[in-house]
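Q: I have a structure here that I would like to go through with you. Could we begin with the cysteines and then turn to the pockets?

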Amino acid sequence: MHKSRPLSFGIKTAQRHATHDALLDVWQAADNISIFEHAWINDHFMGLGSTPTGPYLESWTLLAALAAQTRHLRIGVMVTDNTYRHPALLAKMAATVDVISHGRLNFGIGTGWSEQQHHAYGIPLPPPGERIRRLGEACELIRRLWSEPLVTFEGRYYQLSEAPCDPKPLQKPSPPLVIGGEGEQTLKVIAQHADIWDCSVESPEIYQQKSILLENYCVAIGRDPASIEHSRHISVDPSDLKAAFQETRSFIEVGVTHIIYHVPVPDSQNLLHRLAEEVALPLQAAYK
């Protein structure tokens, strides 16, 4: 299935046990390979599961450092947990990173979900319905802070009183909003606010079902579904790039155009060049 929107390829690197220097090496290598247009880190504070200990760099401070030392990659956190930071503070942080990067930020955000991390850091984790409603309010007030001189906001969960966000992001009208999620109520928020939708369901068939739901929600509010780009992560095994090629192609066939390769850290330029030459470039040529 050929899509009118061009394919966009990027990378994602996890921070667990990774040093700043090792992450920077991977990002700068990708920054010098033209097929890679974007790069991402995650918003975990620690390892999950039974082995949570070990180094784990915080996402937004790290993103600012990586922004200052790359040139063409669009950059972002895939995705920021809305529950970890007040959205007005997050709007200020994101505007600062957009300025540092000279307008290269993709703003990733989601509801938040990890009970383990919220418990460890003493951060309240509201029930799912409330988290979705909070996400909707957050998206609204963040966009307003990025565009209005002073923002007064009276939401159910967030209140602002003549709050400035200065300087504004360089991107106009705003950095793209990238929202991750696949639940029906979250998809309604995505239909209203997202420029890019990231969905991590397992199979292309389920992805297609979720895409249809999202399209229906867009139509219901009078939005063109084609205005939202569809994103998917692809894990990369350096010993089997054919698997990455096949998986990517299967998701392209159900409408994915924004592709993120989860690459190991430390990495080598050789792997990224192989990924570009054996996977991304052939797929780009096939789906022009």
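Q: Is C199 buried or exposed?

A: This is a predicted model. In it, C199 is buried, and its relative accessible area is 0%.

Q: And how many disulfides does the whole structure have?

A: A search of the whole structure gives 0 disulfides. C199 takes part in none, and the nearest cysteine sulfur, which belongs to C218, is 14 Å away.

Q: What about C165, why is there no bond to C139?

A: The closest cysteine sulfur to that of C165 is in C139, but the distance is 15 Å, so the two are too far apart for a bond. A disulfide requires the two sulfur atoms to be within 2.5 Å.

Q: Buried or exposed, that C165?

A: C165 counts as buried because its relative accessibility is 1%.

Q: Changing topic: how much space lies in the largest pocket?

A: The largest pocket holds about 610 Å³ of space.

Q: Which residues are closest to its centre?

A: The lining of the largest pocket consists of 25 residues, and V79, W113, G180, G181 and S200 are the closest to the centre.

Q: Which elements give two or more residues to that lining?

A: Those elements are α5, residues 128-147, and β10, residues 229-235. The most comes from α5, which gives 3 residues to the lining.

Q: How does the lining divide into nonpolar, polar and charged residues?

A: The lining of the largest pocket has 12 polar residues, 7 charged and 6 nonpolar.

How values were computed:
Residues numbered from 1 in each chain as written. Predicted model: local features only at pLDDT ≥ 70, side-chain atom pairs only at ≥ 80, totals over all residues. Heavy atoms only, no water. Buried < 20%, exposed > 50% of the residue type's maximum accessible area, 1.4 Å probe, protein only. 1 Å grid on protein atoms, 1.4 Å probe; cavity = no way out; pocket = protein on both sides within 12 Å on 5 of 7 lines; lining within 4 Å. Points joined across faces, edges and corners; volume = space filled by probe spheres on them. Helix = DSSP H or I, 4+ residues; strand = E, 2+ residues; numbered from the N terminus. Nonpolar A, V, L, I, M, F, W, Y, C, P; charged D, E, K, R; others polar.
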